[in-house]
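Good morning, colleagues. May I ask you to look at the sequence and the structure together while I go through some of the details?

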Amino acid sequence: LQYKRHGSSIGTISALLNGEFPFLPDCGFMFVDVRDVAQCHVNALTAASKNVAGKRYLVAHHMLWARDVASILYEQFVEYRS
């Protein structure tokens with residue numbers, strides 16, 4: 001797998017694109033638009049309450065199963081397969 005050259009997220013995408021997994025685990029991935037993440041940062045920085053300082057928040061919009069992510073990547077990003 002590509003994990004040694006890339007971070008785990010990019011390595012996972014690369015492995016899914018190139019069919020490097022011997023099987024797809026029965027798990028899902030959470031996705032969110034980076035603009036929504038940026039807005040959450042702004043909201044946390046400008047919140048009147050001090051209860052947000054030093055806290056961690058999970059930001060996600062929707063979940064896709066690994067097999068669905070693999071299908072989308074394989075079909076939509078042919079030019080990135082090695």
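Val59 sits in the loop between helix 2 and strand 2. I should say at once that this is a predicted model. With a relative accessible area of 28%, Val59 counts as partly exposed, because that value falls between the 20% limit for buried and the 50% limit for exposed. Which residues does Val59 touch, not counting those up to four places away in sequence? They are Val32, Val37 and Cys40. For the last of these, Val59 and Cys40 are 19 residues apart in sequence, and their C-alpha atoms are 7.9 Å apart in space.

A second pair involves helix 2, which spans residues 34-46 and contains Ala44. From C-alpha to C-alpha, Ala44 and Gly54 are 10.0 Å apart, with a separation of 10 residues in sequence. Ala44 has a relative accessible area of 34% and is therefore partly exposed.

On confidence, the mean pLDDT of the protein is 83, and 91% of its residues reach 70 or more. Where in the protein is confidence lowest, and where is it highest? The lowest mean, 80, belongs to helix 1, and the highest, 94, to strand 2.

Let me turn to the interior. The largest nonpolar core has five residues: Leu16, Leu17, Val69, Ala70 and Leu73. Two elements give two or more residues to this core, namely helix 1, residues 8-17, and helix 3, residues 66-76. Helix 3 supplies the largest share, three residues. As a general remark, nonpolar side chains in soluble globular proteins tend to be buried together.

Helix 1 deserves a further word. Its buried residues are Gly11, Thr12, Ser14, Ala15, Leu16 and Leu17. Among the elements that cover these buried residues are strand 1, residues 28-31, and helix 3. If neighbours within four places in sequence are set aside, Leu17 is in contact with Leu73, Tyr74, Phe77, Tyr80 and Arg81. After helix 1 comes Gly19, which has a positive phi, near 65°.

I move now to the surface. Met30, Met63 and Trp65 make a nonpolar surface patch of about 300 Å². Of these, Met63 belongs to strand 2, residues 62-65. Met63 counts as partly exposed because its relative accessibility is 38%.

Finally, the charged pairs. How many salt bridges are counted? The count comes to two. One of them joins Asp26 and Arg67, with the closest N and O atoms 3.9 Å apart. This pair links distant parts of the chain, since Asp26 is in the loop between helix 1 and strand 1, Arg67 is in helix 3, and the two are 41 residues apart. Asp26 has a relative accessible area of 64%, so Asp26 is exposed. Arg67, at 45%, is partly exposed.

In the other salt bridge, the side chains of Arg35 and Asp33 meet at 2.5 Å, N to O. Is each partner exposed or partly exposed? Arg35, with a relative accessible area of 62%, is exposed, while Asp33, at 28%, is partly exposed.

Note on methods: Residues are numbered from 1 along each chain as its sequence is written. Side-chain values use heavy atoms; hydrogens and water are left out. A nonpolar core is a set of buried Ala, Val, Leu, Ile, Met, Phe, Trp, Tyr and Cys residues joined through side-chain atoms within 4.5 Å. Buried means under 20% relative accessible area, exposed over 50%, partly exposed in between (1.4 Å probe, protein chains only). Helices (H or I, at least four residues) and strands (E, at least two) are DSSP runs, numbered from the N terminus. Contact means heavy atoms within 4.5 Å. Patches are made of residues with over 30% relative accessible area and no salt bridge: like charges are joined within 9 Å, nonpolar side chains (Val, Leu, Ile, Met, Phe, Trp, Tyr) within 5 Å. Accessible areas come from the Shrake-Rupley method with a 1.4 Å probe; for residues, only the protein chains shown count as cover. A salt bridge is a side-chain nitrogen of Lys or Arg within 4 Å of a carboxyl oxygen of Asp or Glu. pLDDT is the predictor's confidence in each residue, from 0 to 100.
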